Amino acid sequence: MILLLTNPAVNVCRAGSEHEDLSQDIIDASLCGLGQSAPNPVLSTLKYFRREYEMHIHDNWCPTGVCSDLSTFYIDEKLCKGCGACLRACPSNAVSGEKKKPHTIHQENCVHCRTCWEACKFDSIKILPAAARNAGDAELEYLVDMVTSGRTGIQETVDIRQ
Ligand code: SF4
Ligand code: SF4
């Protein structure tokens, strides 16, 4: 079940509806209760967290930063106080900056571990889609604005997809 649902050939499909169809097929075709109940976790999470499925599948984006391959950590200069907490916490020396000045995450060194995001008390670190790693300044500004304002629609991120 998990292999089927995590298969890229299935994941490129629209809005997770194929996951529901596939789950129903498994329920219908299973001969035992175990097989019939196997898709239940997927169906219930689709019911309550469909938006997160869509963001992962369509936008290559894990907005909580848990899926490291789908997250880009970025410091919003306008919010950064230069406290240095992220710099001290980073395990891979990916953060630089002087005291009381905006800090920067160097994407080439970042291993997307989320430690800096947890250390920042000022909500200055934003979790952006994977595509942001190669984005230009204008695209980054747009993405930060989108995340900060809570606008996380698929259509809004379609232009910056890799
Ligand atoms: S996500 Fe991890 S590796 Fe990347 S800058 Fe933050 S603490 Fe460093
Ligand atoms: S922890 Fe937050 S406020 Fe402090 S330097 Fe890092 S990004 Fe800036």
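Q: Which residues touch the most other members in the largest nonpolar core?
A: In this predicted model, the largest nonpolar core holds 19 residues. In soluble globular proteins, nonpolar side chains tend to be buried together. The members of this core that touch the most others are Phe 73, Tyr 74, Cys 86, Val 95, Ile 105, Cys 116 and Ile 125.

Q: Which helices and strands each supply at least two residues of this core?
A: Both kinds of element contribute to the core. The strands are S1 (72-75) and S4 (125-128). The helices are H6 (85-89), H7 (115-119) and H8 (137-148).

Q: What does Cys 116 touch, not counting residues up to four places away in sequence?
A: Cys 116 is one of the core residues that touch the most other members, and it is also among the closest residues to ligand 1. Not counting residues up to four places away in sequence, its contacts are Phe 73, Cys 86, Ala 89, Cys 90, Val 95 and Ile 125.

Q: Is Ala 89 buried, exposed or partly exposed?
A: Ala 89 sits in helix H6. A buried residue needs 20 or more other C-beta atoms within 10 Å, and an exposed one has 12 or fewer. Ala 89 has 15 such atoms, so it is partly exposed.

Q: Which residues does Ala 89 touch, not counting those up to four places away in sequence?
A: The C-alpha atoms of Ala 89 and Arg 114 are 10.0 Å apart, with their positions 25 residues apart along the chain. Leaving out residues up to four places away in sequence, Ala 89 touches Thr 115, Cys 116 and Ala 119.

Q: How many nonpolar residues are in the shell around ligand 1?
A: The shell has 14 residues, and the closest are Cys 90, Cys 110, Cys 113, Thr 115 and Cys 116. By class, 3 are polar and 1 is charged. The nonpolar residues number 10.

Q: How many nonpolar residues are in the shell around ligand 2?
A: Ligand 2 is surrounded by 14 residues, the closest being Cys 80, Cys 83, Ala 85, Cys 86 and Cys 120. Of the shell, 4 are polar and 1 is charged. The nonpolar residues number 9.

Q: Where is the pLDDT below 50, and where does it stay under 50?
A: The chain averages a pLDDT of 84, and 83% of the residues score at least 70. Where pLDDT is low, the predicted coordinates should not be read in detail. The pLDDT is below 50 over residues 1-15, and it stays under 50 over residues 154-162.

Methods: Residues numbered from 1 in each chain as written. Chains lettered and ligands numbered in written order. Predicted model: local features only at pLDDT ≥ 70, side-chain atom pairs only at ≥ 80, totals over all residues. Near = placed C-beta within 6 Å. Nonpolar A, V, L, I, M, F, W, Y, C, P; charged D, E, K, R; others polar. Core = buried A, V, L, I, M, F, W, Y, C linked by C-beta atoms within 7 Å. Helix = DSSP H or I, 4+ residues; strand = E, 2+ residues; numbered from the N terminus. Contact = placed C-beta atoms within 7 Å. pLDDT = per-residue confidence, 0-100.
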